[in-house]
Amino acid sequence: MVVGNEFSESQPLPKHVVVVLLDSLNRHLLGAYGGSEFTTPHLDRFAADALVFDRHHTGSLPCMPARHDLLVGALDFPWRPWGSVEIWEDAITYSLRAAGVTTMLISDHPHLFEVGGENYHTDFTAWEYVRGHENDPWRTRPDTSWVGAPALPVRDPWRGHYNYQDSRTWFKSEEDFPGPQTMRAAVNWLETNGGHHERSLLVIDEFDPHEPFDTPEPWASQYRQDENDPWLIWPPYVVNGVADGFLTEQEGRALRSAYGSKLSMIDHWFGRLLDAVNASPDAHDTAVIVCTDHGHYLGEKDVWGKPGYPIHDTLGHIPLMIRWPGVKAGRVSALTTTVDIHTTLCDIFSVVPEHRTHGVSLVPLLTGKVSSVRDHCLSGYWGREIQLVTQTHTYTRGSVGEGFPLSMWSNRWSTMPLHLAPQLRLPRPDQRAFLDTMPGTTVPVIRQPFEVGDALPFWAYGGLKNENLLYDRQNDPQQMQNMASPHGDVLSPLESELLEHMKQALLEINAPQDLMQRLGLF
């Protein structure tokens, strides 16, 4: 259902699109979704003129798999953990280039420009990479003078030395922090390119409010509750963090307030961007999409960061807001997921990818022609549990037994490097590997099976095994009452129905047989 939507049948599709991806943007902390703990006036201002999607969910997790969903349009998690654009597929920018659409990427997201993220940017007409965020190898030593640096003295990360600890000493003002720089670069592009392109796509992949939760004053102190709270910007990735003594309640409070400071700071700079969009000569013909890749645990259920913890709504129920020319603001209750944004962009610019995709265009939903586009969303991490979301329930299915059989499909064979533990590399293919194909293509692909005792790609560790989660979305929004039957027990009629729904959903995308077997689906 779409509340507030009005659209003229004669209204043409927009010629320009701005996509703003804010990494780790927690839905429940935004004013537009009822949050009041932190202030987000500019995102709220945007929401007041947009369609706000209330049932938008993740697909592939975490960061780069989610961007694969967005830019390539195909769910990644059933086949591989994290990687670049494969040789049997293309980012949408390949088709847009052929169609004469000007495309621009502006980003401070380090994973896009390192091993495991290669090739997503290469088909943009142009791209700009703002240096210095998280573990970007931008500086080899700190500025020991710290002359003019607004960065506050903070505790080192729990996980070891990050390049950011050197980079942050070189920022001389708030404008030098990566997030503000990225938004300023996007504003500059809009001001110098407005009215000069017949059709365009601007993608702003902004890593804030992802950690480090580092901000200068006055943002840094905006939500601090006690002057004795430690200055923390690096969250641990742990389950039961306070209960097990990994961090204190005071440290947890400090981390949460630091996230809020990062959120409010990037909201401020998003406001500058929004003003530039509104001032552009193309404003009347521009759609604006605000989205994220996933949420971030800040103590909900005593979970911190993004550890090997089953997907709950804090991580998987994410914001989506779309401002569409000629459409009044309102709320959308239809189920949607990240691959649908890709298909929507394809629809807007009338391009058809050559490879298999999994999304559904939101254009009929945005223009009021339909009230729903799908009856489920699939989400997951490679090698771990799979989640099915319907309008009424969330069903998360864990692996049966030890989590095997398990295979990885890839010809690029790259993943996110662990700079703090370089010895934990992606295992190379061995003599058990063989050539297979992906659904919808005849291009041969390396398929590497794994067995019990093998070193696995690190994404496969953790998650659910021999356990399932079933929550009522309407009557248990906090996901406190697990209705799934204990492992080995007879399933309830409801769980049996959702299990069959999950099986059919995975068959529809031609999910690999070993995934189906690992989940006990046949």
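These legends accompany close-up views of a predicted model.

**View 1. The largest pocket and the residues around its centre.**
Let's start with open space: the largest pocket has a volume of about 720 Å³. Its lining counts 29 residues, and the closest to the pocket centre are R159, Y237, M416, L418 and W459. If you are wondering about the chemistry of this lining, it divides by class into 17 nonpolar, five polar and seven charged residues. Keep W459 in mind, as this residue returns in the view of the stacked pair.

**View 2. The second largest pocket and its lining.**
Here the space amounts to about 550 Å³. Of the 21 residues that line this pocket, R27, D313, H317, P477 and Q478 lie nearest its centre. Which elements each supply at least two residues of the lining? Strand 3 (51-57) and helix 7 (313-316) do. Sorted by class, the lining of the second largest pocket holds four nonpolar, nine polar and eight charged residues.

**View 3. A stacked pair of tryptophans, W82 and W459.**
The structure holds 14 aromatic pairs, and this view shows one of them, W82 with W459. Their ring centres are 4.9 Å apart and their planes meet at 5 degrees; planes under 30 degrees apart count as stacked, so this pair is stacked. The two residues come from distant parts of the chain, 377 residues apart. W82 sits in the loop between helix 2 (63-71) and helix 3 (92-98), while W459 belongs to the loop between strand 18 and strand 19 (468-472). Are these two residues buried or exposed? Both W82 and W459 are buried.

**View 4. An aromatic cluster.**
For those who enjoy aromatic rings, here is another group to look at. One cluster is formed by W138, Y162, Y164, F171, F177 and W234.

**View 5. Strand 15 and its two partners, strand 14 and strand 19.**
Five of the five residues of strand 15 (residues 393-397) are buried, so this strand is largely enclosed by the rest of the structure. Both faces are covered: H393, Y395 and R397 are buried on one side, and T394 and T396 on the other. Strand 14 (residues 386-389) runs antiparallel to strand 15 and is joined to it by four bridges; Q387 has T396 as its bridge partner in strand 15. With three residues between them, strand 14 and strand 15 form a hairpin. Strand 15 also pairs with strand 19 in the antiparallel sense, this time over five bridges. In that pairing, T394 finds its bridge partner in Y471 of strand 19.

**View 6. An open sheet of three strands.**
In what order do the strands of this sheet lie? The order is 16-18-17, with antiparallel pairing. Strand 16 (406-409) and strand 17 (434-436) are the edge strands, each pairing on one side only. From one strand to the next, the twist averages 40 degrees. Strand 17 pairs with strand 18 (residues 445-450) in the antiparallel sense over three bridges, and D436 has V445 of strand 18 as its bridge partner.

**View 7. An exposed valine, V352.**
V352 lies in the loop between helix 8 (338-349) and helix 9 (363-366). Exposed means over 50% relative accessible area, and V352 is exposed because its value is 71%. Although V352 and L96 are 256 residues apart in sequence, their C-alpha atoms are 9.5 Å apart in space.

Conventions. Residues are numbered from 1 along each chain as its sequence is written. This is a predicted model: local features need pLDDT of at least 70, side-chain atom pairs count only at pLDDT 80 or more; totals for chains, interfaces and linings use all residues. Side-chain values use heavy atoms; hydrogens and water are left out. On a 1 Å grid over the protein atoms alone, a cavity is a set of points where a 1.4 Å probe fits but cannot get out, and a pocket is an open set with protein on both sides within 12 Å along at least five of seven lines; lining residues have an atom within 4 Å of a point. Grid points are joined across faces, edges and corners, and a volume is the space filled by probe spheres set on the points. Ala, Val, Leu, Ile, Met, Phe, Trp, Tyr, Cys and Pro count as nonpolar, Asp, Glu, Lys and Arg as charged, and the others, Gly among them, as polar. Two strands pair if DSSP finds at least two bridges between them. Axes are lines fitted to C-alpha atoms, for helices over the stretch in contact, and angles run from 0 to 180 degrees between N-to-C directions. Rings of Phe, Tyr and Trp (its six-membered ring) pair if their centres lie within 6.5 Å; planes under 30 degrees apart count as stacked, over 60 as edge-to-face and the rest as tilted. Buried means under 20% relative accessible area, exposed over 50%, partly exposed in between (1.4 Å probe, protein chains only).
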